Amino acid sequence: MIRYELRCNAGHEFEGWFPGSAAFEQQARRGLLSCPQCGSAEVTRALMAPAVHTAGSHLARDAPPQPAVTPPGHASGGVPDAMTALLQKIRHTVEEHCDDVGDRFAEEALDMHRGRTEARGIYGSMTPQEQAELDEEGVEVHAIPWVRRADS
């Protein structure tokens, strides 16, 4: 994985992780990248300082461990504030454009996959056993971390 420092056309800086440089280029070309602060899709790589290993690096390994602290801009759970905001935006969009089918999610997804009901956007919950059944049937689903609403 490669970590890039990214910058939108409004000057907001954030990081992104990619399997390789080609993945970044492909996602940027397709407009799949966006700024977590303003939503701009005009994203480029920012200049980065390389990590350098020096002969004195072993001193850091021998030093006592430092207590963990929450980095600035991160929620207490360790999730960056910008990531929480992006997940809240995703949740809002899903709730606005998809049907909540609750614990009937796997059943509804299978019915759509088999052509029994019309395809539509749905969300809900399922058990690991139901997930395995969907996988066996070739039904593609995506789990999204369900964060608290932005207005709560």
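**Exercise 1. Identify the residue of strand 2 that stands opposite Tyr-4, and describe the pairing of strands 1 and 2.**

*Solution.* Step 1. Opposite Tyr-4, in strand 2, stands Gly-16. The model is a predicted one, in which local features require pLDDT of at least 70 and side-chain atom pairs count only at pLDDT 80 or more, while totals for chains, interfaces and linings use all residues. Residues are numbered from 1 along each chain as its sequence is written, and side-chain values use heavy atoms, with hydrogens and water left out.

Step 2. Strand 1 (residues 2-8) pairs with strand 2 in the antiparallel sense over 6 bridges. Two strands pair if DSSP finds at least two bridges between them; strands (E, at least two residues) and helices (H or I, at least four) are DSSP runs, numbered from the N terminus. Another bridge partner in strand 2 is Glu-15, which belongs to Glu-5.

Step 3. The two strands form a hairpin with 4 residues between them. In its turn, Gly-11 has a positive phi of about 95 degrees.

Step 4. Strand 2 (residues 13-18) has a covered face with Phe-14, Gly-16 and Phe-18. Its uncovered face carries Glu-13, Glu-15 and Trp-17.

**Exercise 2. Determine the strand order of the open sheet and state which helix packs on the sheet.**

*Solution.* Step 1. The open sheet has 3 strands in the order 2-1-3, with antiparallel pairing. Strand 2 and strand 3 (43-45) are the edge strands, as each pairs on one side only.

Step 2. Neighbouring strands are turned against each other by 40 degrees on average, direction ignored.

Step 3. Helix 1 (residues 21-29) packs on this sheet and touches strand 1, strand 2 and strand 3 (contact: heavy atoms within 4.5 Å). The direction of helix 1 makes about 160 degrees with that of strand 3. Axes here are lines fitted to C-alpha atoms, for helices over the stretch in contact, and angles run from 0 to 180 degrees between N-to-C directions.

**Exercise 3. Characterise the surroundings of the Tyr-4 ring.**

*Solution.* Step 1. The structure holds 4 aromatic pairs. Rings of Phe, Tyr and Trp (its six-membered ring) pair if their centres lie within 6.5 Å; planes under 30 degrees apart count as stacked, over 60 as edge-to-face and the rest as tilted.

Step 2. The ring centres of Tyr-4 and Phe-18 are 5.9 Å apart and the planes stand at 40 degrees, so this pair is tilted. The pair links strand 1 with strand 2, its residues being 14 apart.

Step 3. Tyr-4 and Phe-18 are both buried (under 20% relative accessible area; exposed is over 50%, partly exposed in between, with a 1.4 Å probe and protein chains only).

Step 4. Tyr-4, Phe-18 and Phe-24 make up one aromatic cluster. Over the ring of Tyr-4 sits the charged end of Arg-45, 4.8 Å from the ring centre (criterion: NZ of Lys or CZ of Arg within 6 Å of the centre and within 35 degrees of the ring normal).

**Exercise 4. Classify the pair of Tyr-123 and Trp-146, and state whether each residue is buried or partly exposed.**

*Solution.* Step 1. With ring centres 5.5 Å apart and planes at 35 degrees, the pair is tilted.

Step 2. Tyr-123 lies in strand 5 (residues 122-124) and Trp-146 in the segment after helix 5 (128-137), so the pair ties together parts 23 residues apart in sequence.

Step 3. Tyr-123 is buried, at a relative accessible area of 17%, whereas Trp-146 is partly exposed, at 39%.
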